[in-house]
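Student: I'd like a close look at one part of this protein, the greasy stuff on its surface and what lies under it. Could you walk me through that, and then show me how the rest fits in?

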Amino acid sequence: MKKTANLIALLIILVLSSTPVFAQKGSIKGKVIDTNTNQPLPFTNIVIRGTQTGATSNEDGTFIINDVTPGFMKLNATQLGYKPFTSEDFQVTSSRTPFVEIAMIPTSVELEKVEIKASPFEKKAGAPTSMRRMEISEIENNPGGNRDISKVIQSLPGVASSVAFRNDLIVRGGGPSENKFYLDGIEIPNLNHFATQGASGGPVGIINTDFIREVEFFSGAYPASRGNTLSSLLEMRQVDGNPDRLVFKGTVGASDLALAVDGPLGKRSSFVFSVRRSYLQFLFSALKLPFLPTYNDYQFKYKIRFDAKNELSIISIGSLDQSKLNTDIKDPDEEQRYILGYLPEYSQWSYTIGANYKHFRKNGFDTWVLSRSMLRNKSDKYFNNDESSETNKLQDYTSDEISNKFRYERSLIAAGWNINLSAGGEYNIYYNKSFQKVLIKDQVTDLNYLTNLSMFKYGLSAQAGKSFFAERLNVDFGFRVDGSDYSSEMSNPIEQFSPRVALSWALNEKWSLNGNIGRFYQLPSYTTLGFRDNSGVLVNKENGVKYIGMNQLVAGLEYRPNDNSRITLEGFYKHYNNYPFSIQDSVSLASKSVDFGVYGDEAVTSTSKGRAYGFELLIRSKSFYGFNVIIAYTFVRSEFTDINEKYIASAWDNRHLITSTIMKNLPRNWEIGIKWRFVGGAPYTPYDYNLSSKIDVWDSRGRGVLDYSQFNTQRLGNYHQLDLRVDKQYYFKKLSMRFYLDIQNLYNFKGEQPSYLTNLTAEGTPYIDPTDPTRYILRTIKNDVGQVLPTIGVIVQF
């Protein structure tokens, strides 16, 4: 802590003592097009939001605005016959000229009868509720977010965060396995490093925010073209490469080093590319932590516009992660011994590569998407970490998930209706070579199997929306069907018929009522579908596992006191059926997907039901006395049935979630922000002391066995923390520099976690029961987490 304090003081001295430079100016370039036809729109009025500075597009739709003060900003655009437009956030610097594409939406409302206003909180067609748009400035400068999209999303209503400093996405009482992610319209299965296979969690995000243009987060009212999700959908769109010259950007943070470059590859094409490597293993080794993680990732985009009617984007993103045990620690303490005793060593890599081709027609456009994703996950564990003998092996796991996907979409306008039709197919391969010692009926058993499973999956969808009564009433409805050749229970798409309806009624200029209702389906994870027993039988196929179903109802009230403020109140109810139910533990899998390693790799039946309900209050203002304010409160209950069909609180039953984020731009390019979050105590399951104390049971696991007969009967204390972020930006003629200080858990709150058991004495020797040599005497060790976590970073762009 003393070294950290000295580093923080040095950074402050350097920043405050820096010689001021003359203010540099930047420029904005862009093009205005019709969103449906891609045709240029000349003579469109464009202004920087909140100023009188602007330009008018020329005959080919292009425009340029010079002498712009650097910083984050938006553009407003108006054109006769089109809806007013507000762009996403973007940053202007002296070293990089952003290119902003303004896609105008036609309107049938006579403009002279309405007041033209562009709002940063414009509703998305088809999603009047449950959709939040995150600005890039909010992602970059979010206190405690550390430029990680996964962490920033935890500031939104309905989203819970875990105390254990992971990025598990827990939305409206649903588990981390219920979310889907898209980058430029291409699905990416993994959002985090050291991902939990079969779910979505992990400690560090993969996405490089330098290239993100816009983020849309859906917690309901999912577009029909996006299937296989129950709790949330994250749509991320990337910027195009700089059309004028190469631009380089380097970032040095507390845990990693990143380099990014973007620029033109021709008159019609551009690219972006970044790589990142962590040096956590050196930091953790110096701090004598029991594990040494290393992560690497890359991100790439190539875009070419063949002509006004045809364009192609190719993207790729990937990661390489390793976590080794730090067995060189001398005289480890009790916590270090515990972690070294049960934690395996991990190796994981993943990639997605895909192409998105778009062809524009007179009344719409066609989209073809082709992609391939792969995840390889390996882990092993030896008793006492002694690899000298195969008899010491407790776990040896190797698994591949390969997915080849194709999707076609037709978007068109007919008689005032916005229509989207889609069809897609997937060919998936799941490989698992697994050995592990497991408990079956309280007996230690060797589970040893090989799975090489291939399956085809397909889906069709249609969605249509239209505005009525001078655009006061917006109606959107659609349906989706999905099927798979995995089994007869999944092969009939009518069994997975998924209708949905969304409505929005503007009571007046400031108030509106919104709502949506729908039924959604999700395929169980590949780890569940491919699980075999020692005889080689696909156990869950024999058990008749089905698609998970969920009905969702959302109703809300929205108030917009002005163009820069928004207050929403939404109530939600979710009802699950056919949720996988663990045969071994007699609990729903809904509560078992937050941990490192693998989720769903066990025998299940599709017999669990669940419900999650509550309400969300969001207060958001971009100009509250000069402050950017986001205040979110969520009340949520999450329950799933046990073996007696009684509803029991799930692991996500936090009940109360509060997040308050306040950010402020200060003179001389200073920015400051604070975030306070409160997470209600989550239920947890106590240990089965009697079973855990058996020597053969403990030695096969290295930690205690949960007593599922007392599933989630205990509850942790509430958790809260305060995060602080300070940024200072410098703009030179061809160079910009940003220094930032991010401090998580500023007042060092200690969050309660379930205590853990140890079979060792305080001196580190096994504690065998003198009255029963087949058992250990187990001790309980308190497990509080939370510490001040400062991060110092430097970002250089040239």
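Tutor: Let's start with a bit of vocabulary: a residue counts as buried under 20% relative accessible area, as exposed over 50%, and as partly exposed in between. Keep in mind that this is a predicted model. Now take leucine 513, which sits in strand E31. Its relative accessible area is 42%, so leucine 513 is partly exposed.

Leucine 513 has company. Together with Phe469, Trp505, Leu507, Trp511, Leu557, Leu569, Phe615, Leu617, Ile619 and Ile631, Leu513 forms a nonpolar patch on the surface, and the accessible area of the whole group is about 910 Å². Two strands, E31 and E34 (604–624), each supply at least two residues of that patch. The largest share comes from E34, with 3 residues.

Now for the buried side of things. The largest nonpolar core has 30 residues, and Tyr486, Met490, Leu529 and Tyr579 have the most contacts inside it. Strand E31 (511–522) turns up again here, as one of the elements that give two or more residues to this core; the others are E28, helix H6 (526–529), strand E32 (548–559) and strand E33 (565–582). Leucine 529 is a handy residue to click on: leaving aside neighbours within four places in sequence, its contacts are Leu453, Met455, Tyr486, Met490, Leu523, Pro524, Leu538 and Val545. There is also a second, separate core of 25 residues, with Ile149, Phe181, Ile206 and Phe217 among its members.

A couple of backbone oddities are worth a look too. Most residues other than glycine have a negative phi. Alanine 470 has a positive one, about 55°, and is found in the loop between strand E28 (443–468) and strand E29 (473–484). With 57% relative accessibility, alanine 470 counts as exposed. Arginine 147 also has a positive phi, near 60°, and lies in the loop between helix H2 (136–140) and helix H3 (149–152). Arginine 147, though, counts as buried, at 11% relative accessibility.

Last stop, a sheet. Here 4 strands form an open sheet in the order E3-E2-E6-E7, with antiparallel pairing. Strand E3 (54–56) and strand E7 (85–86) are at the edges with a single partner strand each, so one side of each has no neighbour in the sheet. Strand E6 (residues 75–78) is joined to E7 by 2 bridges, and alanine 77 stands opposite phenylalanine 85 in E7.

Terms used
Residues numbered from 1 in each chain as written. Predicted model: local features only at pLDDT ≥ 70, side-chain atom pairs only at ≥ 80, totals over all residues. Heavy atoms only, no water. Pairing = 2+ DSSP bridges. Buried < 20%, exposed > 50% of the residue type's maximum accessible area, 1.4 Å probe, protein only. Core = buried A, V, L, I, M, F, W, Y, C linked by side-chain atoms within 4.5 Å. Contact = heavy atoms within 4.5 Å. Patch = residues over 30% accessible without salt bridge, like charges linked within 9 Å, V, L, I, M, F, W, Y side chains within 5 Å. Areas by Shrake-Rupley, 256 points an atom, 1.4 Å probe, with all protein chains shown as cover. Salt bridge = Lys/Arg side-chain N within 4 Å of Asp/Glu carboxyl O.
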